[in-house]
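I open this notebook to record what I looked up about ring pairs, charges over rings and the nonpolar core. The entries follow the order in which I went through them.

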Amino acid sequence: QVQLVESGGGLVQAGGSLRLFCAASGSISASAAVGWYRQAPGKQREFVALITTGTVTHYADSVKGRFTISTDKAKNTLYLQMNSLKPEDTGVYYCYVSLGSNYWGQGTQVTVAP
C-alpha cells in the first residue's frame, strides 16, 4: 500500500504560479499511471493531468499549455507546475498513483484570487 502526501498549495494572484508536490511512501516506478485531479467547491472531482508508464503525458484542455506534470521516480515524487493561474483553477488538488489499485492523497488547497 502506498501513502501519498500533497503539498505546495496556497493563495496566489491570477497570473501567478505554484508548484505542487506529491510524496509517495513507496516506489512509484511500477505504477501504470500517476496524476492529478482537482475539485472545486460544489463541483465534482475532475481530471487535470497524468503520466503513463511510458512517460506519455495527458492534460485536461483547460490546463494545456499552462500546467506541466513530471515525476522524480528516484525520490518517489510527483510534481505539478502550474503557471498563468486563473481563478477557475481554484480547488483542492489530489494526486493519485495507479498500482493495481488507485491510491489518493488527502489533497492540497489552491486558491487563485482575481
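Before reading any accessibilities I fixed the cut-offs: a residue is buried under 20% relative accessible area, exposed over 50%, and partly exposed in between. I also note at the start that this is a predicted model.

**Entry 1, ring pairs.** I looked up the aromatic pairs and found that the structure holds five. For F21 and Y79 I read a centre distance of 5.6 Å and an angle of 75° between the planes, so this pair is edge-to-face. I then placed the two partners along the chain: F21 belongs to strand β3 (residues 18-24) and Y79 to strand β8 (residues 77-82), and the pair thus joins distant parts of the chain, 58 residues apart. F21 has 30% relative accessibility and therefore counts as partly exposed, whereas Y79, at 11%, is buried.

**Entry 2, another edge-to-face pair.** Y37 and Y96 also form an edge-to-face aromatic pair, with 5.6 Å from centre to centre and 70° between the planes. Here too I checked the strands, and found Y37 in β4 (residues 33-39) and Y96 in β9 (residues 91-99), so that the pair links distant parts of the chain, 59 residues apart. Is Y96 buried or exposed? Its relative accessible area is 8%, and because the cut-off for buried is under 20%, I enter Y96 as buried. Y37, with 23%, is partly exposed. Following the ring pairs further, I found that they connect Y37, F47, Y96 and W104 into a cluster.

**Entry 3, charges over rings.** I next looked for charged ends over rings, and returned to Y79, where the charged end of R19 sits over the ring at 4.3 Å from its centre. R45 lies over the face of Y94, and there the distance to the ring centre is 3.7 Å.

**Entry 4, the nonpolar core.** Which residues have the most contacts inside the largest nonpolar core? They are W36, L80, M82 and Y93, in a core of 28 residues. I looked up where the core comes from, and β3, β4, β5 (46-52), β7 (67-72), β8, β9 and β11 (108-113) each supply at least two of its residues. The largest share, four residues, comes from β3. As a general remark I add that nonpolar side chains tend to be buried together in soluble globular proteins.

**Entry 5, around M82.** I finally listed the contacts of M82, leaving aside its neighbours within four places in sequence, and among them I noted L18, L20, F67, Y93 and V110. The list for M82 also includes G16, S17 and R66.

Note on methods:
Residues numbered from 1 in each chain as written. Predicted model: local features only at pLDDT ≥ 70, side-chain atom pairs only at ≥ 80, totals over all residues. Heavy atoms only, no water. Phe/Tyr/Trp six-rings, centres within 6.5 Å; stacked < 30°, edge-to-face > 60°. Buried < 20%, exposed > 50% of the residue type's maximum accessible area, 1.4 Å probe, protein only. Lys NZ or Arg CZ within 6 Å of the ring centre and 35° of its normal. Core = buried A, V, L, I, M, F, W, Y, C linked by side-chain atoms within 4.5 Å. Contact = heavy atoms within 4.5 Å.
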